[in-house]
Amino acid sequence: MSDVISSSNSRAIGGITSNRPVLAIEGLTVSFDGFKAVDNLNLYVDRNEVRVVIGPNGAGKTTVLDLICGKTAATSGSIRFNEIELTKMREHEIVRAGVGRKFQTPSIYESLSVFENLEMSFPRGRMVLGALTFKRSPDVVERVEKVAQEIFLADLLHQQADLLSHGQKQWLEIGMLLMQEPELLMLDEPVAGMSVSEREKTAELLGRISQGRSVVVIEHDMEFVKSIAHKVTVLHQGKILAEGSMESVQSNPKVIEVYLGH
Amino acid sequence: MNAAMQKLLGGRAGAINLALLAGLLLVVFPLLLEPFRLNLMGKYLSYAFVAVGLVLCWGYGGILSLGQGVFFGIGGYCMAMFLKLEASDPVSTKIQTTPGIPDFMDWNQITSLPLLWQPFQSFAFTLAAVILAPTLFALLIGNAMFKRRVGDVYFSIVTQAIAAILTILIIGQQGLTGGVNGITDLKTLLGWDIRSDSARMILYFVNAGLLLGCILFGKYILSSKLGRLLMAMRDKEERVRFSGYDVASFKIFVFCVAAAFSAIGGAMFTLQVGFMSPSFVGIVPSIEMVIFAAVGGRMSLLGAVYGTLLVNLGKTYFSETFPELWLFLMGGLFIAVVMYFPNGLAGVVDTQGRRLLQAIKRRREVKPKPAPAAAAVRPEPHRTVTGLEATK
């Protein structure tokens, strides 16, 4: 996993943006009892890109994330991440390859403290024996504190996680992903249920953490989408309806008809 | 006390609780109880191994196994096979058609020692088999179940089925296993008569020592990152999986540890009670063992020991006085624990203890007064480390 990251970093540092996308989805189809939730989808995400996927309910947005991270098995098609085929890999292997995923509802360990939540995602001691002998060494503490700083939870490190507010839980889950240093970060509705000020902070957070990695976000809040997206993909009935800049998508009559409304 | 010890024991409170239990098992019981009662206590404590294992795999791992009797039984049978072979020397079995084989084999027209039994002539092999056979079996079950993500209630049902199958197998293969009677008339261990009072006393101490060792090992697991991972998995299994962990491997590990603990208990049971039979393998004893852990508190390794002792003392008392009532009481007890004390004795003592501590803090002149003398009659309530404290 570490050499995957370092090789990508060296490419980025070299200043030459590789033409190869980080994530290349081609001909991806998944059908549930004949219903095609995702239908022959092609999607490419570039290095350092923030891509927002929008679309009406049931368009297949979350299913696409599920397919990428291995939660759902594809019926056909391919998902290539840094030239690695993900469709045949198991979930934890995909994570170790550098893909992090945040769920729609905050998914954190409520009985553990904020510190322990973050520590849990530190990429060491991931096997049985490693976990038995894992030591909270200074580099772990340092990294946890750094990430906590980033996600606005530095003062709440020893708070039990179920006492956090909804927005803080969302941030904590993002922080847990950051601990893994993923090259591709996938966030499913990160600002759902957040207050206006929390949304602004989250947008700022996303801006910061998208440096040096690619981010795929599913979101309904158009103001928020506008503030973060480099490129927007509109999904409808498992297919891509439109793709491009926020402005071009917003003025696309097809998109207005099925999603954005009058 | 250095930091690692502190973490292992769960701080000062954890160390005191462990010392209290050790004192009860190693000093109070042997001093107060006559040999017969002490041996009985040793038998109960051999069940406590299973309960301690269940705290790890059910309380923390969220894996409710209703078939721990299987592992208790395998451990017990391994030990019983060795002891039976020793008891079946050609001289004492000379009236049999085939001298030198266990009596029940002779009754079943078996004329030579079956292949399965041959390695159990070696004590070293037996000791290894006591631990390894159930652990490997648990590994097999765990691999088959957890890799396929069979969980929750389905897993519980499968473990029940395995317990039922093993019981039927043991009873059916009479010539190989002694059938429904089990393996009886065990006399000596490497020439040492295990039926004498002094031998039983020594076995009691070995048993208590091993139990405390298992508790310490359990504490070590729970205080490690693996322990926190188990709790995290109970909260949000998907999150753990998508943080790069192979969730199944941790479940398999903790299930195997619980199996190994149970097997040690089974072997110690055989040594102390002098026989092993299928009635300790099946569904009913397996569920009883879950009740021990539930009553003690499924999140407390120490609580499991007290729960086991309490339920068994109750069982002995009530089944002597009102035999027909016992099963109802047992059922009622389980329902009451689930409904009103989800954290069992340990949970009650924990909250009461905290209240007491606060009262003490308010009125400083009042001193806490533990009363270990009452412990022989009824296990002393103790303040137990809850899951959260154990991980700090």
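1. In this predicted model, the place to begin is the interface between the two chains, where 23 residues of chain B are in contact with 24 residues of chain A. On the chain B side, the elements that contribute two or more residues are α10 (225-235), α11 (237-241), α12 (247-273) and α17 (387-391) of chain B. Of these, α10(B) supplies the largest share, with seven residues. Sorted by class, the residues on this side of chain B comprise 10 nonpolar, five polar and eight charged.

2. As to how far the arrangement of the complex may be trusted, the predictor assigns the complex an ipTM of 0.85, together with a pTM of 0.87. For chain A the mean pLDDT is 87, with 92% of its residues reaching 70 or more, while for chain B the mean pLDDT is 87 and 91% of its residues reach 70 or more.

3. Those means do not describe every part of the chains, and two stretches call for caution when the model is read. Over residues 371-392 of chain B the pLDDT is below 50, although this stretch has 56 contacts in the model beyond near neighbours in sequence. A reader should keep in mind that α17 (387-391) of chain B is among the elements giving two or more residues to the side that touches chain A. In chain A, pLDDT stays under 50 over residues 1-17, for which the model has 20 contacts beyond four places in sequence. Among the elements of chain A, helix α1 (residues 2-13) has the lowest mean pLDDT, 42, whereas helix α6 (residues 138-150) of chain A has the highest, 94.

4. Within chain B, the helix α12(B), which also gives residues to the side touching chain A, packs with another helix: the axes of α6 (residues 123-146) of chain B and α12(B) come within 8 Å and cross at roughly 150°. Because the angle is over 145 degrees, α6(B) counts as roughly antiparallel to α12(B). The crossing of these two helices, α6(B) and α12(B), is right-handed. Among the residues that make the contact are B:Val130, B:Ile131, B:Phe137 and B:Phe146 of α6(B), and B:Ile252, B:Phe255, B:Cys256 and B:Ile264 of α12(B). By class, the contact of α6(B) with α12(B) has 16 nonpolar residues, four polar and one charged.

5. A second helix pair in chain B is formed by α3 (residues 35-60) and α9 (residues 197-223), whose axes come within 9 Å and cross at roughly 15°. Since this angle is under 35 degrees, α3(B) is roughly parallel to α9(B). The crossing of α3(B) and α9(B) is left-handed, and their contact has 18 nonpolar, five polar and two charged residues.

6. Finally, an unreviewed UniProt entry annotates parts of chain B as "transmembrane region", namely residues 12-32, 44-63, 122-141, 153-172, 201-222, 243-269, 289-313 and 325-342. Two of these spans can be set beside the model. Over residues 12-32 of chain B the chain is 100% helix and 0% strand, with the end C-alpha atoms 28 Å apart. Residues 201-222 of chain B are likewise 100% helix and 0% strand, and the end C-alpha atoms of that span lie 32 Å apart.

Key: Residues are numbered from 1 along each chain as its sequence is written. Chains are lettered from A and ligands numbered from 1 in the order in which they are written. This is a predicted model: local features need pLDDT of at least 70, side-chain atom pairs count only at pLDDT 80 or more; totals for chains, interfaces and linings use all residues. Two residues are in contact if their C-beta atoms, placed from the backbone, lie within 7 Å. Helices (H or I, at least four residues) and strands (E, at least two) are DSSP runs, numbered from the N terminus. Ala, Val, Leu, Ile, Met, Phe, Trp, Tyr, Cys and Pro count as nonpolar, Asp, Glu, Lys and Arg as charged, and the others, Gly among them, as polar. Axes are lines fitted to C-alpha atoms, for helices over the stretch in contact, and angles run from 0 to 180 degrees between N-to-C directions. Angles under 35 degrees count as roughly parallel, over 145 as roughly antiparallel, 65 to 115 as roughly perpendicular and the rest as oblique. A crossing is left-handed if the near helix is turned anticlockwise from the far one by less than a right angle, and right-handed if clockwise. UniProt positions are given in the numbering used here, feature names are shortened, and annotations may be inferred rather than shown by experiment. pLDDT is the predictor's confidence in each residue, from 0 to 100.
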